[in-house]
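Visitor: I would like to learn how the words used for a protein model are justified. Could you take me through the reasoning step by step?

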Amino acid sequence: MGVRKAYAASDKGFGYVEGQLSIPATLKDLKAQAAGDTLTVTWAAPQSEFNVPDSASYTVELLKDGAVAKTVVVDAAEGTAKAEFSGLAKGDYTVKAFATNIVGRSDKVSVQAHVPGKAATPENGWAKQDGVWYYFKNGAKATGWQKVGNDWYYFAGSGAMKTGWLKVGGSWYYLKSSGKMATGSQVINGRAYYFASNGVWRG
């Protein structure tokens, strides 16, 4: 073990006191949260008798199929207990982490994580991203009125497919839950409506 000084309370009041520095405690509350192709790892930093981190650094290893694919080393002095891995392919991963100081290294702790991967963007056709439907044409998100097959749909400026009541150019339209533009007689929330063949609400 090593000896370390820190400014803390003692029986003589506040001042520099000495204490024994030992191997860091095992990291607690190791968690891994995935979003798209990014995995964020967090943990609880072990504290010394001086109520400050007793580690010099934290090492986080990302394993794929049993082999270390990426490693991040975090300086404990920065007060950060988080590491991030990005650009990951879809799949299952194992995260291992440990703390290190001048005395030695803590035991490794691990957690399993599944990375969904970045959503693929089609050249043409439908794609659902983060729960929202889009329609792609030549690799770009379609906007405004679009005829897909035999049906008309409306897409916002962001490319998101619209549903429900929609006012465009002073006229009202109704887009079904599927996104299809309503025509003819329709019952919406228990009330009858009529829409022209171009989708305009007539009454």
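Guide: Let us begin with Asp-151, which has a relative accessible area of 28% in this predicted model.

Visitor: Why is Asp-151 called partly exposed?

Guide: Buried means under 20% and exposed means over 50%, and because the 28% of Asp-151 lies in between, this residue is partly exposed.

Visitor: What makes the pair of Asp-151 and Lys-180 a salt bridge?

Guide: The closest N and O atoms of Asp-151 and Lys-180 are 3.8 Å apart, and since the rule asks for a side-chain nitrogen of Lys or Arg within 4 Å of a carboxyl oxygen of Asp or Glu, the pair qualifies. Asp-151 lies in strand β14 and Lys-180 in the loop between β16 and β17, so the salt bridge ties together parts that are 29 residues apart in sequence. Lys-180, with a relative accessible area of 32%, is partly exposed as well.

Visitor: How many salt bridges does this rule give?

Guide: The count comes to two, and the pair of Glu-61 and Lys-108 is one of them, with the closest N and O atoms 3.1 Å apart. Glu-61 belongs to strand β5, while Lys-108 sits in the loop between β8 and β9, so parts that are 47 residues apart in sequence are tied together.

Visitor: Are Glu-61 and Lys-108 buried or partly exposed, and how do you know that?

Guide: Glu-61 has a relative accessibility of 13%, which is under 20%, and therefore counts as buried. Lys-108, at 39%, falls between 20% and 50%, so the term for Lys-108 is partly exposed.

Visitor: Why is Ala-99 called buried?

Guide: Ala-99, whose place is in strand β8, has 0% relative accessibility, and because this value is under 20%, the residue counts as buried. The C-alpha atoms of Ala-99 and Tyr-58 are separated by 4.5 Å, although these residues are 41 residues apart along the chain. Among the residues in contact with Ala-99, leaving aside neighbours within four places in sequence, are Pro-24, Leu-27, Tyr-58 and Arg-105.

Visitor: What makes β3 and β4 a pair of strands?

Guide: Two strands pair if there are at least two bridges between them, and β3 and β4 have six, in the antiparallel sense, so the condition is met. One of the matched positions is Ala-35, whose bridge partner in β4 is Thr-38.

Visitor: How do you know that β4 and β7 pair too?

Guide: Four bridges join β4 to β7, which run antiparallel, and at least two are needed, so these strands also pair. Leu-39, for example, has Phe-85 in β7 as its bridge partner.

Key. Residues numbered from 1 in each chain as written. Predicted model: local features only at pLDDT ≥ 70, side-chain atom pairs only at ≥ 80, totals over all residues. Heavy atoms only, no water. Buried < 20%, exposed > 50% of the residue type's maximum accessible area, 1.4 Å probe, protein only. Contact = heavy atoms within 4.5 Å.
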